[in-house]
Amino acid sequence: MKLGFLGVGWIGRDRMRAVVAAGHADAALVADTSADAAAAAAREVGAQVVSPEELLASGVDGVVIATPSALHAAQSITALEAGSAVFCQKPLGRDAAETAAVVDAARSADLLLGVDLSYRHLAATDALRAELPGVGRVYAADLVFHNAYGPDKAWFRDPALSGGGCVIDLGTHLVDLALHLLAGTGAPVEVEHVTSRLFAGGRPLGDRADVVEDFATARIDLVGGAVLTLGCSWDLHAGQEAVIGATFYGADGAVALANVGGSFYDFRACRHTGTSSTSLAEPPDDWGGRAAVEWSRRLAGGERFDPAADEFVATARVLDRVYGR
Ligand SMILES: NC(=O)c1ccc[n+]([C@@H]2O[C@H](COP(=O)([O-])OP(=O)(O)OC[C@H]3O[C@@H](n4cnc5c(N)ncnc54)[C@H](O)[C@@H]3O)[C@@H](O)[C@H]2O)c1
């Protein structure tokens, strides 16, 4: 099976290495608007450098996309229409309409569509998934992702290239994780009402179109009464590099995953009962490339379109409501 890698910057190169090392597929083509980045990545895996347009039209078995976020939807659709399965970085689209258009293209072409919702694949998330049914009906969840630095590339802060700030960058992971885990328990996950506040540089974002939000707080009420609270930010005075967590409260207990010591990479999962807490999972855990490797394994196994891709649209709809659109 032959893959093409489109966008081989920081995360594209990382995921390319993980997929190639897993051995389900070969890296055949590499494309990037940076000739240096493309040449270095292609040399590493013995692939051919082509233009982005050539890669998207090639009809190679699968295309792995890790370009600036605003390009994802159009590039994914072009690849799918040329007959390639797609694994795309999050966010799949800048809004629900774009996201739905990609899912529809994958459905029409009957091709496997994956998105790098990498936090679904933590060992700590697996532990939560297993323990969640034991806490009773979940009535509340607290979701946080504060990044004390924010992204170091200018395009992330340009709305035309990123599609948004910390909500689309970090909130995507949190909303997906909550909806995905709750759906797995059979609980209703239909969203009834969303309220939010977005800020940029400490001031309400308002209708400024030239900047993206760097702090957001939202409350997401689900049909049936459960409530999710969401907080995410870039450049926050967080006292550590990152604060990342998802806690689910039920009548009989709670389960939580949280980063350890401010790390972006180390996660712990716990079960809380009253004042006591029991560890369910501890670092280390090499989770970064897992979503991409799973997609390549499924593709090599002959899997076609998976209707679970509709979950990508459900998350994008919630984000639209957080953005007030
Ligand atoms: N799943 C995760 O947890 C996770 C983590 C980090 C980043 N990401 C996502 O990955 C994407 C890339 O982020 P990054 O930090 O690697 O950015 P980056 O800037 O390091 O890489 C983007 C690459 O795309 C290339 N590029 C730009 N326009 C292109 C085009 N038209 N065709 C081909 N290549 C093009 C750039 O030259 C660059 O090499 C973003 O959408 C980001 O949200 C996801």
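Which helices and which strand each supply at least two residues of the lining of the largest pocket? Hold on to that for a moment, everyone, while I set the scene. What you have in front of you is a predicted model, and the answer is a list of five elements: helix H1 (10–22), helix H3 (52–57), helix H4 (72–81), strand E7 (138–147) and helix H8 (166–184). Among these, H1 gives the most, with five residues.

Let me stay with that pocket. The space inside the largest pocket comes to about 1,200 Å³. Its lining is made of 48 residues, and if you want to find the centre on your screen, look for Trp10, Ile11, Lys90, Lys153 and Phe156, which are the closest to it. Sorted by class, that lining holds 21 nonpolar, 15 polar and 12 charged residues.

Now, the domains. The assignment splits the chain into domain 1, covering 2–116 + 289–307, and domain 2, covering 119–285. Each of the two gives at least three residues to the lining of the largest pocket.

On to the second largest pocket, with about 340 Å³ of space. Here 20 residues form the lining, and the closest to the centre are Arg120, His121, Glu294, Arg298 and Phe312. Strand E6 (113–115), helix H6 (123–131), helix H9 (290–300) and helix H10 (310–322) each bring at least two lining residues, and H9 gives the most, with four. By class, you get 10 nonpolar, three polar and seven charged residues. Domain 1 and domain 2 again each provide at least three residues of the lining.

So how do the two domains meet? Their centres, taken over C-alpha atoms, are 26 Å apart. Contacts link 12 residues of domain 1 with 15 residues of domain 2. People often describe the size of an interface by the accessible area lost when the parts come together. For this pair, the buried area is about 1,100 Å², with 57% of it on carbon and sulfur atoms. On the domain 1 side, Lys90, Arg94 and Arg290 lose the most area to domain 2, and together they make up 44% of what that side buries. You met Lys90 a minute ago, as one of the residues closest to the centre of the largest pocket.

Which residue forms a salt bridge with Arg290? That would be Asp285, with the closest N and O atoms 2.6 Å apart. Between domain 1 and domain 2, the count is two salt bridges.

That's my tour; thanks for listening!

How values were computed: Residues numbered from 1 in each chain as written. Predicted model: local features only at pLDDT ≥ 70, side-chain atom pairs only at ≥ 80, totals over all residues. Heavy atoms only, no water. 1 Å grid on protein atoms, 1.4 Å probe; cavity = no way out; pocket = protein on both sides within 12 Å on 5 of 7 lines; lining within 4 Å. Points joined across faces, edges and corners; volume = space filled by probe spheres on them. Nonpolar A, V, L, I, M, F, W, Y, C, P; charged D, E, K, R; others polar. Domains from an automatic or database assignment. Contact = heavy atoms within 4.5 Å. Buried area = accessible area lost by both parts, 1.4 Å probe. Salt bridge = Lys/Arg side-chain N within 4 Å of Asp/Glu carboxyl O.
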